[in-house]
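User: I would like to learn how to read a model like this one, feature by feature. Could you give me the general idea each time and then the case at hand?

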Amino acid sequence: MNLRNFDYDELVQLFNNNDLPAYRAEQLFTALYSNKVDSLDKITTFPKELRADLMAHHTIKSFKAMKKQVSVDGSIKYLFTMEDGKSIEAVFMPWYDDAEKTNIRNTLCISSQVGCSLDCKFCATGTMDLERNLETHEIISQILDIEHDLNTKITNVVFMGMGEPLLNYKNVARAVNILTHPLTDLMSRRKITVSTSGVVPSIKKMANLSRPPKLAISLHGTTNGFRDKIMPINLKADITVLMNAVEDYYRKTKLNITYEYIPFDGMNDTIEDAKRLAKICKRVPSRINLIPFNDISFTEPTGIAETLKPSSSERIIEFANEIRKFGGIVTIRDTFGSDIDAACGQLALSTRNSTSEEV
Ligand code: SAH
Ligand code: SF4
């Protein structure tokens with residue numbers, strides 16, 4: 001059994017079932033997430049015998065292999081092979097203060113599923129079928145193993161890698177619970193962002209967590225007509241239903257919402273779209289994050305996917321100003337790792353991983 005699969009209460013329960021006191025569970029939890037031991041034999045607060053017993057039946061290792069590719073911009077794409085041979089990707093993005101040249105934060109973009117079932121027309125992961133949900137330990141280990149490999153602290157985590165996190169709700173919620181547990185100083189809930197294409201029932205559940213994370217909504221359209229075409233999930237929960245869930249999330253959590261929006265040339269980047277986006281933005285404290293459309297031509301898109309072209313960078317800047325003029329708050333996302341197919345929406349285990357280096 002992998003011990004990174006248990007939240008604190010479950011560990012206490014596990015120890016209790018084995019006639020071990022709760023304080024041992026607390027020692028283990030602290031060793032795993034405060035001291036961040038990378039192997040069980042380093043848990044020095046445990047007597048030798050208990051450690052040996054633990055090691056005989058448990059592990060904290062999630063991956064068989066880890067490869068990485070470094071981008072010219074400093075971001076690093078990791079490819080993990082799991083015990084069943086399936087693979088996932090995560091992307092490390094260091095941010096620097098330009099004036100001071102100091103490293104101000106390290107964001108890690110992690111995966112929640114192998115593939116994705118949702119078929120958004122602009123996303124390379126959407127061209128893969130869903131193979132399976134990640135276990136909690138596979139979510140947590142992406143963070144801890146990369147911290148260990150780079151010998152640095154990851155300050156922010158975004159669930160924006162492969163998969164739809166809110167269709168793997170149980171494991172994502174458990175991972176958030178572990179990462180934000182008061183017994184560890186791993187991460188504040190404000191440093192974790194869960195991005196969803198709009199799985200309304202899970203947004204409602206997540207709003208009731210004791211330490212809910214930040215919510216990002218992949219919007220990409222301001223009319224149901226267009227959103228239906230590029231994001232089939234809109235047929236299940238349309239923009240009105242989604243906005244009501246978002247409003248409820250804000251009311252319960254008091255965390256500002258982010259709307260992610262890819263401007264597609266001539267399709268969703270008109271002045272009317274800017275007006276509607278500003279209106280959406282004013283419903284609860286939130287901001288629009290414009291994401292330049294990253295190339296996914298390696299997936300050989302057909303149908304509507306083939307007609308989606310990025311708005312020019314000049315148009316994106318203009319569009320941002322139009323949204324501002326109507327009263328919306330907007331930022332334009334920096335792109336990381338496009339030279340190694342690590343940018344948003346490009347994670348699809350392209351066979352071009354051949355240039356990766358074994359870690
Ligand atoms: N399934 C979740 C999280 C993973 S996708 C979601 O859809 O929100 C992370 C972000 O990348 C989402 O906002 C998604 O819409 C965006 N994205 C997908 N394909 C993209 C592409 N080709 N270019 C730019 N962003 C893309
Ligand atoms: Fe899945 Fe998100 Fe890609 Fe849509 S954008 S296919 S939900 S990973």
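Analyst: Let us begin with the surroundings of a ligand, for which a residue is taken to be near a molecule if one of its heavy atoms lies within 4 Å of it. Please keep in mind throughout that this is a predicted model.

User: How many residues surround ligand 1, and which are the closest?

Analyst: Ligand 1 is surrounded by 22 residues, and the closest are Phe 122, Gly 163, Ser 195, Ser 218 and His 220.

User: Which polar atoms lie opposite the oxygen and nitrogen atoms of ligand 1?

Analyst: A polar contact is a pair of N or O atoms within 3.5 Å, and ligand 1 offers several cases to read. From the side chain of His 220, a polar atom comes to 2.5 Å from an oxygen atom of the ligand. The backbone takes part as well, since a nitrogen atom of ligand 1 lies 2.8 Å from a polar backbone atom of Phe 122, and a backbone N or O atom of Thr 196 is found 3.4 Å from an oxygen atom of the ligand.

User: What surrounds ligand 2, and how is its shell divided by class?

Analyst: Around ligand 2 lie Cys 116, Leu 118, Asp 119, Cys 120, Phe 122, Cys 123, Gly 126, Gly 163, Glu 164 and Ser 197. Sorted by class, this shell holds five nonpolar, three polar and two charged residues, where cysteine is counted as nonpolar and glycine as polar.

User: With cysteines in that shell, how many disulfides does the model have?

Analyst: In general, a disulfide is a covalent bond that joins the sulfur atoms of two cysteines. In a model one looks for cysteine sulfur atoms within 2.5 Å of each other, and here the count is zero disulfides.

User: Are Cys 116 and Cys 281 buried or exposed?

Analyst: A residue is called buried when its relative accessible area is under 20%. Cys 116 has 12% and is therefore buried, and Cys 281, at 5%, is buried as well.

User: What should I make of a positive phi, and where does Asp 119 lie?

Analyst: A backbone angle of this kind is best read together with its place in the chain. Asp 119, which is not a glycine, has a positive phi of about 60 degrees and sits in the loop between β5 (113-114) and β6 (132-133); its relative accessibility of 35% makes it partly exposed. Glu 300 likewise is not a glycine and has a positive phi, here of about 50 degrees, and its place is the loop between β11 (286-290) and α10 (304-307). At 66% relative accessibility, Glu 300 is exposed.

User: What are the surroundings of Asn 106 within its strand and beyond?

Analyst: Asn 106 belongs to strand β4 (residues 102-109) and is buried, with a relative accessibility of 4%. Its side chain makes a polar contact of 3.1 Å with the side chain of Asn 103. Leaving aside residues up to four places away in sequence, Asn 106 touches several others, among them Phe 92, Trp 95, Thr 152 and Ile 154.

User: Finally, how does one read the protein chain as a whole, and what radius of gyration does it have?

Analyst: One compares the value with that for a compact globule: with 359 residues this would be near 21 Å, and the protein chain has 21 Å, so the two agree. Its C-alpha trace spans about 70 × 45 × 45 Å along the principal axes, and the secondary structure comprises 11 helices and 13 strands. Of the 359 residues, 54% are buried.

Terms used. Residues are numbered from 1 along each chain as its sequence is written. Chains are lettered from A and ligands numbered from 1 in the order in which they are written. This is a predicted model: local features need pLDDT of at least 70, side-chain atom pairs count only at pLDDT 80 or more; totals for chains, interfaces and linings use all residues. Side-chain values use heavy atoms; hydrogens and water are left out. Buried means under 20% relative accessible area, exposed over 50%, partly exposed in between (1.4 Å probe, protein chains only). Helices (H or I, at least four residues) and strands (E, at least two) are DSSP runs, numbered from the N terminus. A polar contact is a pair of N or O atoms within 3.5 Å; within protein, one must be able to donate a hydrogen and the other to accept it, and residues adjacent in sequence count only if both atoms are side-chain atoms. Contact means heavy atoms within 4.5 Å. The radius of gyration is taken over C-alpha atoms; the globule rule is 2.2 Å times the number of residues to the power 0.38.
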